[in-house]
Amino acid sequence: MSRLFRLFLFLSCVCSIFASPEVCTNSLIPGAKGDQGGVGEQGEEGKLGKNGPPGLPGVPGEPGLKGEVGPTGKMGPIGERGDKGPKGFDGPAGLKGKAGATCDCGRYRKVVGQLDENLGKLRNTIKFVKNVVLGLKETEDRYYLLVKEPKKFREASTNCKLRGGTLAKPKTNNINRLMADYISQAGLMRVYVGVQAQSKDMDGTGSYIYANSTPLQEFAAWSQDQLYSGLSPATNSSCVELLSTGTWNNVECEASLFFICEFPKSKRRGRGGTPASTA
């Protein structure tokens with residue numbers, strides 16, 4: 001009996017122990033904070049991360065040193081001529097020259113006077129040769145030669161070109177009058193001049209041009225008969241003759257007439273020069 005009672009007490013004690021909340025819940029009570037541990041070893045290098053956003057511009061650096069002179073480049077094209085610059089200041093007066101030698105001016109004046117007299121005679125001789133012997137007429141910029149060789153219009157034009165000129169073109173009233181007087185003084189009635197008909201237009205009408213293919217200017221001296229009959233050139237009369245009266249008429253280009261050539265005065269022969277050929 002006493003043994004059973006003792007066993008009962010033992011079992012009660014054991015049950016009371018296992019019934020304690022600390023044992024049944026398995027909860028741990030934290031202890032006090034321990035001392036700080038030592039520094040661990042350095043870990044391995046991590047992977048490269050993504051590029052971050054660009055940073056702000058930095059402060060400009062100081063200018064670098066001046067570089068060496070480069071090689072000489074090719075020469076460029078010549079530029080246009082510039083405007084004339086302003087007149088410069090007058091320079092200082094030069095030194096006074098040495099006294100000259102005594103001149104025998106009277107003798108030289110006599111020689112110069114004799115030369116002037118001879119030059120005047122020579123000019124008159126040249127004028128006589130041009131106007132009388134050669135029979136030339138002239139204006140400020142041209143010579144005119146009456147050729148007394150009957151030729152057709154095309155042949156006359158070629159003959160003037162061989163002489164170094166062209167068929168005369170009466171472009172103004174003064175030139176037309178000079179040529180008409182030239183014809184009258186030679187005892188002639190009519191000659192070829194450098195005016196001819198142009199090919200007919202689409203409407204069938206025709207017009208006149210100078211022998212060098214330039215258009216006829218404002219001046220014209222058509223005769224009254226020609227104006228009444230009309231200025232449209234016919235097929236067989238497409239050239240122009242100048243009468244001694246100073247008027248123009250249509251004429252057949254195949255007719256053989258005398259003609260007048262004109263020659264420009266070049267700078268070289270502007271003072272008394274003559275055409276290339278007057279034969």
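**View 1. Arg-142 is partly exposed, with a relative accessible area of 28%.** Partly exposed sits between the two other classes: buried is under 20% relative accessible area and exposed is over 50%, using a 1.4 Å probe and protein chains only. What you see here is a predicted model, where local features need pLDDT of at least 70, side-chain atom pairs count only at pLDDT 80 or more, and totals for chains, interfaces and linings use all residues. Residues are numbered from 1 along each chain as its sequence is written, and side-chain values use heavy atoms, with hydrogens and water left out. Arg-142 belongs to strand 2, which covers residues 142-151. Helices (H or I, at least four residues) and strands (E, at least two) are DSSP runs, numbered from the N terminus.

**View 2. Here are the neighbours of Arg-142, leaving aside residues up to four places away in sequence.** Its contacts (heavy atoms within 4.5 Å) are Lys-137, Glu-262, Phe-263, Pro-264 and Lys-265. Take Phe-263: it sits 121 residues from Arg-142 along the chain, yet their C-alpha atoms are separated by 5.5 Å.

**View 3. Arg-142 and Glu-262 join up through a salt bridge, 3.4 Å from N to O.** A salt bridge here is a side-chain nitrogen of Lys or Arg within 4 Å of a carboxyl oxygen of Asp or Glu. Arg-142 is in strand 2 and Glu-262 is in strand 8 (residues 257-264), so this pair ties together parts that are 120 residues apart in sequence. Is Glu-262 buried or exposed? Glu-262 is buried, at a relative accessible area of 3%. Lys-169 comes into the picture too: Arg-142, Lys-169 and Glu-262 are linked in a network of salt bridges.

**View 4. Strand 2 pairs with strand 8, and the two run antiparallel.** Pairing means that DSSP finds at least two bridges between two strands. How many bridges join strand 2 to strand 8? There are seven. Look for Arg-142 again, since in strand 8 its bridge partner is Pro-264. As a general point, side chains in a regular strand alternate between the two faces of the sheet.

**View 5. Strand 1 and strand 2 make a hairpin, with three residues between them.** Strand 1 takes in residues 136-138, and its pairing with strand 2 is antiparallel, over three bridges. To find your way around, start at Leu-136: its bridge partner in strand 2 is Leu-145.

**View 6. Glu-254 and Lys-152 form another salt bridge, with their closest N and O atoms 3.2 Å apart.** Glu-254 lies in the loop between strand 7 (248-251) and strand 8, while Lys-152 lies in the loop between strand 2 and helix 4 (153-162), so the pair ties together parts that are 102 residues apart in sequence. Glu-254 is exposed, at a relative accessible area of 53%. Lys-152 counts as partly exposed, at 33% relative accessibility.

**View 7. Asp-181 and Arg-177 share a salt bridge within helix 5 (residues 173-185).** The closest N and O atoms of Asp-181 and Arg-177 are 3.3 Å apart. These two residues are four residues apart, about one turn of the helix. Asp-181 is partly exposed, with a relative accessible area of 34%, and Arg-177 counts as partly exposed too, at 37% relative accessibility. If you'd like to hunt for others, a search of the whole structure finds seven salt bridges.
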